[in-house]
Amino acid sequence: MGFRMDAVGVVVADIQKSTAFYQRLGASFGPGGHEGTVLADLGGFKLLLYTEALFRELNWDIDPDAPRTGVTLAVGCDSTTDLDELYTWLDEDGFGFREPLDAPWGRRVATVQDPDGTHIDLYAPLT
């Protein structure tokens, strides 16, 4: 069979606000091919942002008030210093969620959330 998992989609309330957030994490967006979508190629894996309005247009259920903690995206940082700086930079604008800590599995980890509450884990090797 010819298939592969090569993308993740995130439903967002405000595509401009969310695009700006993910650009801060290094994503470079082009059009997604349909109004209400944008696409970033992350080096072989794609991030798609879809508007809630598009989902309503398709009659797909979306609960904008439901917590979005079942899916986490992840951003690898080169060092614990880079992770701490990235977390602080995002936290200053209200995106911080779980402050950085040294995990027992040998990585420094933290969590931020995008404008719609989707979690993004930050991680770096402990050195």
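A pocket is here an open set of points on a 1 Å grid over the protein atoms alone, with protein on both sides within 12 Å along at least five of seven lines. The legends below describe a predicted model.

**Figure 1. Overview of the protein chain.** The predicted model contains 3 helices and 8 strands. Their order along the sequence is β-α-β-β-β-α-β-α-β-β-β. Of the 127 residues in the protein chain, 37% are buried. Among contacts with a separation of 6 or more, 49% join residues 24 or more positions apart. The exposed area of the protein chain is about 7900 Å², of which carbon and sulfur atoms supply 51%.

**Figure 2. The largest pocket and its lining.** The volume of the largest pocket is about 230 Å³. Its lining consists of Val8, Tyr22, Leu25, Gly26, Ala27, Leu42, Phe45, Leu47, Leu73, Ala74, Val75 and Ile120. By class, the lining has 11 nonpolar residues, 1 polar residue and no charged residues. Strand β5, residues 72-76, gives the most to the lining, with 3 residues.

**Figure 3. The largest nonpolar core.** This core has 25 residues, and Tyr22, Leu49, Ile120 and Leu122 are those with the most contacts inside it. At least two core residues come from each of β1 (7-12), α1 (15-24), β3 (37-41), β4 (46-51), β5, α3 (80-91), β7 (107-113) and β8 (119-125). Helix α3 gives the most to this core, with 4 residues. In soluble globular proteins, nonpolar side chains tend to be buried together. Tyr22 and Ile120 also appear in the lining of the largest pocket.

**Figure 4. Surroundings of leucine 49.** Leucine 49 is one of the residues with the most contacts inside the largest nonpolar core. Leaving aside residues up to four places away in sequence, leucine 49 touches Val10, Val12, Ile15, Ser18, Thr19, Tyr22, Phe29, Gly36, Thr37 and Val38. Tyr22, one of these partners, is likewise listed among the core residues with the most contacts.

**Figure 5. Arginine 108 in strand β7.** Arginine 108 belongs to strand β7. Arginine 108 counts as buried because its relative accessibility is 16%, and buried means under 20%. Not counting residues up to four places away in sequence, arginine 108 touches Thr80, Leu83, Asp84, Pro100, Leu101, Asp102, Leu122, Tyr123, Ala124 and Leu126. For one of these partners, threonine 80, the C-alpha to C-alpha distance to arginine 108 is 6.3 Å, with the two 28 residues apart in sequence. Leu122, another partner, is among the residues with the most contacts inside the largest nonpolar core.

Note on methods
Residues are numbered from 1 along each chain as its sequence is written. This is a predicted model: local features need pLDDT of at least 70, side-chain atom pairs count only at pLDDT 80 or more; totals for chains, interfaces and linings use all residues. Side-chain values use heavy atoms; hydrogens and water are left out. On a 1 Å grid over the protein atoms alone, a cavity is a set of points where a 1.4 Å probe fits but cannot get out, and a pocket is an open set with protein on both sides within 12 Å along at least five of seven lines; lining residues have an atom within 4 Å of a point. Grid points are joined across faces, edges and corners, and a volume is the space filled by probe spheres set on the points. Ala, Val, Leu, Ile, Met, Phe, Trp, Tyr, Cys and Pro count as nonpolar, Asp, Glu, Lys and Arg as charged, and the others, Gly among them, as polar. Buried means under 20% relative accessible area, exposed over 50%, partly exposed in between (1.4 Å probe, protein chains only). Contact means heavy atoms within 4.5 Å. Accessible areas come from the Shrake-Rupley method with a 1.4 Å probe; for residues, only the protein chains shown count as cover. A nonpolar core is a set of buried Ala, Val, Leu, Ile, Met, Phe, Trp, Tyr and Cys residues joined through side-chain atoms within 4.5 Å.
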